[in-house]
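Subject: Structure for you to look at

Hi,

Here is the structure I promised to pass on. Have it open while you read, and my notes follow below.

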Amino acid sequence: MRPFTYQRVDTPSAAIHAFGKTDGATSVLSPVQFLAGGTTLIDLMKLDVMRPECLIDINALESTDFGRIAIGEGGLRMGALVRMADAAEHPQIIREFPAIAQSLQLAASQQIRNMATLGGNVLQRTRCPYFRDVSYRECNKRTPGSGCAALDGFNRSHAVLGTSDQCIASYPGDLAQALIALDAMVDLAGPSGLRRMPFAELHRQPQNRPEMETVLQPGELIVSFFVPAAAWARRSVFLKVRDRESYEFALASAAVGLDLVDGVVRDARIALGGVATVPWRAAEAEAVLKGRALDEAAQDAAARAAFSGAQAREHNGFKIELGKRTLKRAIAQAAVMEI
C-alpha cells in the first residue's frame, strides 16, 4: 500500500484549484489524479502501475451539467460524469445515436457500466500486459526511455495502426470510436478556462512520448461531449469482434455512420478500434465510399484504404484482415438499417 491523500470537491473550480501545478495530468507518472468511477484508476493503483500522491474525488459534480444528458434539435450533450449505463439505456440515444448506445452496451459488465463514467471511459489506459505488469521493466508508457517489451514480445493484442518504435499498445475503449465516427466535440475546463475541440484530436499517438496519451493540460477536466444531429448519426453501427462473446476488449471494432440517398453514399463516417494506438478515424475509407453505391467492391475498397498504412508485428498480423472484415460487416449492417 502506497500512501496518498484524498480530497473531495464539489465545484469544477475547486477541482481545478485542488489539482495545482503538476508535470502533466495525462501522464501515468502524474502525482495528482482525478477520481470518478475509479474502475480503471483503482485497478492500476492495485497493480502498482499508477502511484498517485493525491486523489481528487470529483463525483459530487454529478449533480451539475457534468452528470446530465440533454438532447435537442442540434444534437446530443452528455456530461463527463454520466454513468455508462445511463447513456447506454437512454431511449433517445438508442434511437437517434445507436452507435453510442451499442458501444457502451458492449463495453463492460452491467456492474461496471453502473459505476464507470463517460469521461473516465475515454481516458482509460491500455490493457497491454507489459504496461500492467510492473515485473516487466521495459515499458515507455510506465517508465519513459525504458523501451517497449511488446515490440519483440508476445504482441497478439497490439496495434497495427498509429504505432511507433517506442510503443505499439492498442487503445482499449469502445465509446471513443463511436464519438469519433459521429463527429463529436469535447468540452474541457482547466486553469486557462473553457475550451472546445474535436474529440478526434483528444488522444495522442505515441511517437516518442508514449506516456503522454492525450492533449489535456495539467489540471484540465473533460466537462461534456457534444454529438451533432446528422443523417449519419441515426444510421450508425458499432461492431465489435473479440475472443469471447461477453465483456472482452476488442481485437477489432468499427463504428460506421452513413448518409445514404437511394442506395448511394452521400457521406460516411468511420472509426476503428482494437487495431490502433488511439481511437482511429479512417478518413481514407470515408473518401472511398462517398458518391458510390454500397456494393461489395465499394466495401472492399474502403477496407483496403482503412488499413493501407498498417504495420504488423510477429503475432498481430491477423488483425489487418480481421479489421477489414469487421469494417465491411459494419458498413453492410449500417446500409440496411431502418431509420
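Let's begin with a quick one: is R325 buried or exposed? Keep in mind that this is a predicted model. R325 turns out to be exposed, because its relative accessible area is 53% and the exposed class begins over 50%. Its salt-bridge partner is E321, with the closest N and O atoms 2.9 Å apart. Both residues sit in helix α13 (residues 318–335), four residues apart, which is about one turn of the helix. E321 is partly exposed, at 38% relative accessible area.

That pair is one of 22 salt bridges in the count. Another one joins the side chains of R83 and E62, at 2.9 Å from N to O. Have a look at where these two come from: R83 is in the loop between β5 (75–79) and α3 (84–88), while E62 is in the loop between β3 (54–57) and β4 (69–72), so the bridge ties together parts that are 21 residues apart in sequence. R83 is buried, with a relative accessible area of 9%, whereas E62 is partly exposed at 31%.

A third bridge links D183 and R281, whose closest N and O atoms are 3.2 Å apart. D183 belongs to the loop between α9 (175–181) and β6 (185–190) and R281 to strand β12 (residues 280–281), so this pair connects parts that are 98 residues apart in sequence. Both ends are partly exposed: D183 has a relative accessible area of 23%, and R281 has 26%.

Now for the inside. Why is helix α5 (residues 98–105) described as largely enclosed by the rest of the structure? Six of its eight residues are buried, so that description follows. The buried ones are P98, A99, I100, A101, S103 and L104.

Last stop: P210, in the loop between β7 (193–198) and β8 (221–228). P210 counts as buried because its relative accessible area is 3%, and buried means under 20%. What does P210 touch, leaving out residues up to four places away in sequence? The answer is N140, K141, Q166 and C167. You can also find C148 from there: its C-alpha atom is 9.9 Å from that of P210, and the two residues are 62 apart along the chain.

Happy exploring!

How values were computed
Residues numbered from 1 in each chain as written. Predicted model: local features only at pLDDT ≥ 70, side-chain atom pairs only at ≥ 80, totals over all residues. Heavy atoms only, no water. Buried < 20%, exposed > 50% of the residue type's maximum accessible area, 1.4 Å probe, protein only. Contact = heavy atoms within 4.5 Å. Salt bridge = Lys/Arg side-chain N within 4 Å of Asp/Glu carboxyl O.
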